[in-house]
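Work through the exercises below with the sequence and the 3D view open. Try each task before reading its solution.

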Amino acid sequence: MLKLIGQRLVLGLITLFFASALIFFTTALLPGDFATAMLGQQATAENTAAIRAELGLDRPLVVRYADWLSGAVKGDFGNSLASKRPVMDEIKPRIANTFFLAIYAAIVAVPLSLFLGIMAAIRQGSVFDRGVNVGALLTISVPEFFLGYLLVLYLATPAHWRIFPGLAVVNASTPFFTKLYVTFLPMMTLVLVIVAHMMRMTRASVLQVMASPYIEMAYLKGLPKWRVVVQHALPNALAPIVNVVALNLAYLIVGVVVVEKVFVYPGMGQMLVDAVSKRNIPTVLACGLIFAVVFITLNIIADLLSIMSNPRLRHPR
Amino acid sequence: MNRWEELQQAALNGRLSRRQFLTHAAALGVTTSLATGVLAKAGYAEEAKKGGVLNIGIAGGSTTDSLDPTTYTDSMAFNTAFTMLNQLIETDPNNKQIPSLFKSWEASEGATKWVFKVQEATFHNGKSLDSDDIVYSINLHRGEGSKSGGAEGLKAIKEVKATDKMEVTITLNEGDADFLYPLSDYHILVVPKDFKDWSKPIGTGAYTFGSWDPGVSANVKRYADHWNPNRGHVDEVNFTCINDTAQRMNAIVAGQVDIIHRVDTATIDLIKAVPTLALVMAHGGYHAIYAARCDMDPFKDPELRKAVKYGIDREQLLKALFNGYGAIGNDSPIPPSDPYFNKDLEQTKYDPDKAKFHLKKATGSTKIVLSASDAAFNGAVDAALLFQANAKAAGLDFEVKKEPADGFWDNVWLKAPFCESYWGGRPAATQMFTTAYKSTATWNETGFKVEKFDKLLAEAKKTVEEEKRAPMIKELQKMVHEDGGAIIPAFKDWVDATATKVKGYLPHSMFDLCNGRAAEKVWIDEA
């Protein structure tokens with residue numbers, strides 16, 4: 001087991017290296033650079049040259065990458081081109097916000113979707129099953145920004161019920177429970193987006209296992225249906241569920257920029273988008289790497305969990 | 001209801017400040033005694049109330065913003081900076097230059113020598129303002145290797161000198177009676193000498209630094225020792241960056257913020273429906289432009305330029321671009337709100353016959369390609385297609401080439417022969433012409449190189465007497481209107497919205513949010 005984890009970690013590190021090179025060189029392919037992107041219509045030959053010289057952007061690409069890499073392995077991710085402050089200092093509060101929202105949404109969404117999925121499987125074909133399925137398909141078919149606007153319209157404007165704030169404005173000094181209240185609408189939006197995926201996967205894999213002969217055996221033993229599902233079917237259906245859950249958790253970290261924008265929530269997505277549009281490469285790299293780490297870690301965990309949930313994989317011959 | 005009735009109604013509902021009301025009433029020709037009578041009925045307090053917290057929902061913020069004045073490109077950064085740092089000269093709502101940290105001035109020697117007296121003021125760190133601070137602050141934007149967007153306007157300066165503790169003398173390379181305008185540029189803000197810590201600016205402004213999270217929020221607190229008693233009324237101002245238009249509208253409707261700008265004119269009825277909200281509109285100089293380069297094929301030919309000018313339906317574009325909240329353009333960059341606006345120019349109208357007539361007279365190639373991108377202005381690609389459809393009906397077939405928004409200003413603008421662009425407007429007509437229509441201007445996007453124009457422009461800039469310069473500036477507009485490559489369909493109005501408890505919010509033709517100074521001009525009156 002340890003050897004397996006070690007292998008995955010080494011592979012993960014190599015992936016990170018390639019990811020950083022890919023991010024760096026593809027961002028360089030975009031037209032314009034930091035100087036022209038910052039100045040926009042105000043650019044002149046003189047002021048763009050001044051900015052380039054000041055930030056060392058006039059050096060060759062490979063030199064700049066090597067420079068960045070040698071710092072990064074020592075934990076120094078460079079300074080933001082815009083503010084000249086260390087990138088990590090700027091990203092830290094954003095990471096905290098992104099993780100806060102992701103964990104908040106996950107804590108609500110994962111149990112909810114497992115519960116709904118199992119219930120739907122137990123009552124396959126019932127009104128409940130169909131209702132949950134239609135509902136989930138609806139929320140997943142609507143673009144997330146639209147879901148966000150709908151929630152704002154009904155829960156944050158005087159026209160309907162003004163229960164929650166439409167803007168999720170938080171900062172480092174916001175108290176914990178205020179934060180939960182203020183971020184309720186973005187959290188709900190994310191929950192609606194990801195529940196469908198996880199719920200349907202749970203239902204489908206449980207039902208697939210339910211077709212096995214040993215389930216029939218359990219029924220014949222006279223077990224009640226909920227016990228058959230929870231004790232016999234679910235453990236064997238876990239592997240695909242864990243993978244879908246991991247994929248959705250990764251989405252909560254890396255894919256929520258639209259939701260952040262709608263609710264003016266200061267997370268990492270917005271920062272990454274701004275950094276790319278302004279060609280603020282050190283910030284792009286740092287955000288990209290953090291996203292890559294999250295993705296790789298969650299996938300490793302999902303792999304390990306599905307191996308552990310399956311005795312055949314746990315004890316390979 | 002006529003306008004006077006509307007105005008009274010607005011006053012009675014408390015939707016206008018005392019000052020706003022009197023200004024509008026005077027504009028309608030209502031006598032002061034009648035106007036003050038209405039005010040008394042509406043129960044107006046004369047003085048600005050102190051205290052309260054003001055929340056502003058602002059667009060135009062990015063996580064790459066900095067408070068360093070040489071870096072400003074959009075609203076959030078400079079509106080926040082304006083609360084803490086003062087300008088040398090300000091522009092008032094009627095486009096006149098008024099004193100700020102320069103309390104008086106005198107131009108001599110054909111407007112090449114300018115002597116300024118410095119306002120007594122103290123910085124937030126207790127230091128008194130003197131001329132050395134001002135020289136340092138101006139020079140931040142000058143010289144080799146300046147990266148400032150304000151540098152271009154200051155190129156006219158030969159020397160800035162502290163001639164006394166409270167006196168600054170500026171000499172120019174050539175005379176410019178409108179020199180106060182580049183000096184009032186939003187980049188040029190005053191900090192103590194040798195100040196460099198832009199993460200926490202120190203100035204003489206009405207508010208002191210509270211917090212700054214780029215692209216997210218900012219907070220400033222009232223500075224008790226501010227030099228100007230008429231500014232800085234609330235205890236605290238919070239800026240929240242809301243780039244999303246729908247959410248900005250929601251935020252003010254739901255009462256989460258007291259002021260927003262860039263109101264979405266398509267959904268403006270949402271605001272009109274709420275009695276505790278008021279709209280503040282001003283005609284401005286922001287304009288969309290199709291820039292045809294007069295120094296490149298095919299628009300070298302003036303006949304083709306004329307054909308295209310007759311081939312565009314400006315009324316339709318005004319509706320499509322700004323929902324009608326604006327003014328029709330007439331191919332001159334000087335808006336109707338400008339005091340020097342040339343009213344005598346004939347408005348060019350959509351006229352397929354005239355377009356065909358001029359097209360026939362055109363001699364060279366008539367193959368036209370319009371480079372379009374939404375980087376130029378909101379809805380620019382659609383506007384290009386609309387223009388294309390207009391022109392096609394007039395026998396002018398041209399191609400619309402969609403350019404990526406990324407790098408548009410870098411790779412397409414100033415390089416393509418026919419290209420979309422925009423200008424935010426300049427307070428002085430001569431400044432607008434110097435920036436984009438003078439032969440040697442860096443941003444001469446229409447390749448407009450007319451010697452007579454350059455000479456007249458230089459002449460107008462030197463001339464101090466009003467009665468002489470007004471006809472010159474009008475002539476300049478005529479030249480650009482008739483012969484230039486700028487096709488300007490419409491000017492945009494500034495549309496802001498405030499809660500009615502926010503008083504003292506005057507429309508400003510230069511820019512929205514009271515030309516960036518709303519935070520220190522307004523006060524809150526809950527009654």
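**Exercise 1. Decide whether helix α5(B) is largely enclosed or not, and name its cover.**

Step 1. Count the buried residues, where buried means under 20% relative accessible area, exposed over 50%, and partly exposed in between (1.4 Å probe, protein chains only). In α5(B), 7 of the 9 residues are buried, so the helix is largely enclosed by the rest of the structure. Helices here are DSSP runs of H or I with at least four residues, strands are runs of E with at least two, and both are numbered from the N terminus.

Step 2. List them. The buried residues are Ser131(B), Asp133(B), Ile134(B), Val135(B), Tyr136(B), Ser137(B) and Ile138(B).

Step 3. Find the cover. It includes strands β4 (102-108), β5 (113-118), β6 (157-164) and β7 (167-172), along with α6, of chain B. Contact means heavy atoms within 4.5 Å.

A note on the model: it is predicted, so local features need pLDDT of at least 70 and side-chain atom pairs count only at pLDDT 80 or more, while totals for chains, interfaces and linings use all residues. Residues are numbered from 1 along each chain as its sequence is written, chains are lettered from A and ligands numbered from 1 in the order in which they are written, and side-chain values use heavy atoms, with hydrogens and water left out.

**Exercise 2. Locate Gly150(B) and find what it touches.**

Step 1. Place the residue. Gly150(B) sits in the loop between α5 (131-139) and α6 (151-154) of chain B.

Step 2. Check its exposure. Gly150(B) counts as buried because its relative accessibility is 2%.

Step 3. Look for neighbours, leaving out residues up to four places away in sequence. Gly150(B) touches Asp185(B) and His187(B).

Step 4. Compare a remote position. Gly329(B) is 179 residues from Gly150(B) along the chain, and their C-alpha atoms are separated by 27 Å.

**Exercise 3. Sort the sides of helix α2(B) into buried and exposed.**

Step 1. Take the buried residues. In α2 (residues 18-27) of chain B these include Gln20(B), Phe21(B) and Ala25(B). They cover an arc of only 125 degrees around the axis, so they lie on the same side of α2(B). The arc is that of the directions from the helix axis to the C-beta atoms.

Step 2. Turn to the face away from the buried side. That face carries the exposed residues Ala26(B) and Ala27(B).

Step 3. Recall the geometry. An α-helix has 3.6 residues a turn, so residues three or four places apart point the same way.

**Exercise 4. Trace salt bridges and say what they link.**

Step 1. Apply the rule: a side-chain nitrogen of Lys or Arg within 4 Å of a carboxyl oxygen of Asp or Glu. The count is 27 salt bridges over all chains.

Step 2. Start with Arg469(B) and Asp178(B). Their closest N and O atoms are 2.6 Å apart. Arg469(B) lies in helix α17 (residues 466-483) and Asp178(B) in the loop between β7 and α7 (180-183) of chain B, so the pair ties together parts that are 291 residues apart in sequence. Arg469(B) is buried at 2% relative accessibility. Asp178(B) is buried too, at 8%.

Step 3. Go on to Asp258(B) and Lys501(B). Their side chains meet in a salt bridge of 3.6 Å, N to O. The two loops they join are distant parts of the chain, with the residues 243 apart. Asp258(B) is buried at 5% relative accessibility. Lys501(B) is partly exposed at 24%.

Step 4. Look for a network. Salt bridges that share partners join Glu90(B), Arg231(B), Arg517(B) and Glu520(B) into one.

Step 5. Try chain A. Asp67(A) and Arg59(A) form a salt bridge of 3.5 Å, N to O. Asp67(A) is partly exposed at 42%, and Arg59(A) is partly exposed at 33%.

**Exercise 5. Describe chain A as a whole.**

Step 1. Count the elements. Chain A has 15 helices and 0 strands.

Step 2. Take the dimensions. The C-alpha trace spans about 85 × 65 × 35 Å along its principal axes.

Step 3. Assess burial. Of the 317 residues in chain A, 49% are buried.
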